[in-house]
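Biologist: Could you take a close look at one part of this model for me? I'd like one connected walk-through rather than a list.

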Amino acid sequence: MKIAVEDLRVRLGGRDILHGVGFAAEPGTVTALVGPNGSGKTTLLRALSGMLPHRGRVRFGTRATAPREAIGYMAQDTAGRAVLTVFEVVLLGRLSRLGVKVSEGDLAAASRALDVVGVAHLAEAHIGELSGGQRQLVHFAQVLAREPKVILLDEPTSALDLRNQLHLLDLVRRETRARGLTTIVTLHDLNAAARFADRLVVLHDGRLARCGVPETVIDDDLLAEVWGVAARVTLDDQALPTVIPLGALAAGSSRPAAPAPGGLA
Amino acid sequence: MTGSATPDHASSWRRLARRRRAALGIVAALTAVAFVVDVATGPAFLSPMAVARSILRVTEDRTVDTIVWSIRLPIAAMALVVGAALGLTGAVMQTILANPLASGYTLGVASGAGFGASLVIVFGAFLPLGEAEAIPLSAFLFASLASALVWGIGRSRGSTPEGLVLAGVALLFLFQALTSLLQFVATPEALAAIVFWLFGSLTRATWGRLAVVAGLVAVMLPILALDAWKLTALKLGDEKARALGVDVTRLRMRSLAVVSVLTAAAVAFVGTIGFVGIVAPHVARMTLGEDQRFFLPGAALAGALVLSLASIASKSVVPGAIFPIGIVTALIGVPFFLVLVMRTRRAYW
């Protein structure tokens, strides 16, 4: 289901967090939401997930709201000390369907999700006994067990090692394509975003800075204006942009005072 | 990392569920045994077999039947239902407040009840009701008032666990101070009565009071059971429960209302019997996990068992006398609980 956002505004605790953001995300594609800390990425995801009151227009396909079961949202914080097994946590993804007796279909969906994500060996461990990275994978399995139409992931790779980052992002893209999901994921790593996402949405101070395919969005001007970072952006052999950061710019300036030749790279 | 649906995890989880059901069965059986022994224990010794026969109405023995049915059964049954109510309320409180120290008493409900009872003990002479009715009624009213206040104050803070705990602890101290004030102005007789009420005693049980508490437990348990999966999801944290579609604020408020009624009813009739509400949920959590379909009945059964054992002990410590059960519960419960905490390797909170 296509997500179309127009003039989305969110006010929290007397402060405007989002000042009218608009973009669209198509089924079967991954949209990466990028931007500096505090730019409103998490707020945007929470508003889309239906957890935050907002103004403006959000359409899921032809409807104004998506049914809760259709949205798989993975929060940034996956901590928790519940005495629940990994299998139970994944099963909770199917919350709206669970009754006193758990159906075969729900058990099968949870099993499948554990296998797909590759955390089946943890099925009987308590969630509180896992590492941060393992918990992140388990919560992603919970999102898949839900069999949603829309996936919203808030920094799903923040605690993962390099291999698991690649594994998870690859999996996100594969599931998105195979099931025709509409996926929006916040990421801090611009290079990973450029490689795994079909489109980028760049937020800056609660406003849309840019959006489009990675190669048109990412350039050194964007890095300077939005992140305050001096960087060299090159295109690799697949014509995807690669960001090589050179250094932080002084506050208020949009150009590095004295770009060091060679820089940090 | 195969994509095929292997039923292995599902069937091992089903085995786990069977083990949990068996554990519930064992605790239920132990509770039944404790109940019979509880009825058999007292100044006039009855054999557990005679008691079991009398309860099941297999044979008639007028002496045994009179002791069992008129005196001991209501008390022993009250131990079961009050224990179950306190275990259940502790379990729900620990879940909705995300706090291992929480119990039905955490949010000032019990101290509200204590103040309500003290008020009647000191000024009861001015009431048109007899003390036997007025004390539980007033205890129940003030317990309800306390939880309504916690609810109201907590709402202004978005009904977060922290907001509720802060409001509850403030009220707890307020009602304790008010009770102390009453004790200060009370006559020596009234002072003794207040202190004795606060100890907690099952001997206040009657068939009528038993029916009220048992009825409330019977009504509230299914209400909680309907929310079992939502409460389980809440264990992952508010944000994650919300992401799964739980209306966290309403769930918390609904559960708090149920817990308040149960706590108020239990406290109103038998006084403050502490610790059962903290220890029973921990026992249940360690043996059954926190899938609330097992955890909630487990905590209720564990509470019933602990209070039943405490009731037996309260009659055995000093032969011929009944030791205040509130004291016995803590004296037995604390060492048991500490052993449990120290022997457990896995992290349960």
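In which helix of chain B is the place of Phe196(B)? Please start there and work outwards.

Modeller: Sure, and keep in mind that this is a predicted model. Phe196(B) sits in helix 7 of chain B. Is that side chain buried or exposed? Somewhere in between: its relative accessible area is 47%, and since buried means under 20% and exposed over 50%, Phe196(B) gets called partly exposed.

Now look at what surrounds that residue on the surface. Phe196(B) belongs to a nonpolar patch together with Leu191(B), Val195(B), Phe199(B), Ile327(B) and Leu331(B). Taken together, these side chains have about 500 Å² of accessible area. Two helices of chain B, helix 7 (188-199) and helix 14 (325-343), each put in at least two residues. Helix 7 gives the most, with 4 residues.

Staying with the rings for a moment, there are 5 aromatic pairs over all chains. One of them is Phe115(B) with Phe175(B): the ring centres are 5.8 Å apart and the planes meet at 40°, so this pair is tilted. Phe115(B) is in helix 4 (residues 109-123) of chain B and Phe175(B) in helix 6 (residues 161-185) of chain B, so the contact ties together parts that are 60 residues apart in sequence. Both Phe115(B) and Phe175(B) are buried.

Back on your helix, Phe196(B) and Phe199(B) also make an aromatic pair, this one edge-to-face, with 6.4 Å from centre to centre and 75° between the planes. The two are 3 residues apart in helix 7 of chain B, so about one helical turn separates them. Phe199(B) has a relative accessibility of 33%, so like Phe196(B) at 47% it counts as partly exposed. That puts the edge-to-face pair inside the nonpolar patch, as Phe196(B) and Phe199(B) are both members of that patch.

As for the buried rings, Phe115(B) and Phe175(B) are joined with Phe142(B) into a cluster through ring pairs.

One last thing for contrast: the surface has a charged patch too. Lys101(A), Arg15(B), Arg18(B), Arg19(B) and Arg21(B) form a positive one, with members from chain A and chain B. Arg21(B) is found in helix 1 (residues 8-40) of chain B, and at 49% relative accessibility that arginine is partly exposed.

Technical notes: Residues numbered from 1 in each chain as written. Chains lettered and ligands numbered in written order. Predicted model: local features only at pLDDT ≥ 70, side-chain atom pairs only at ≥ 80, totals over all residues. Heavy atoms only, no water. Patch = residues over 30% accessible without salt bridge, like charges linked within 9 Å, V, L, I, M, F, W, Y side chains within 5 Å. Areas by Shrake-Rupley, 256 points an atom, 1.4 Å probe, with all protein chains shown as cover. Salt bridge = Lys/Arg side-chain N within 4 Å of Asp/Glu carboxyl O. Buried < 20%, exposed > 50% of the residue type's maximum accessible area, 1.4 Å probe, protein only. Lys, Arg positive; Asp, Glu negative; His and termini not counted. Charge placed at Lys NZ, Arg CZ, Asp CG, Glu CD. Phe/Tyr/Trp six-rings, centres within 6.5 Å; stacked < 30°, edge-to-face > 60°.
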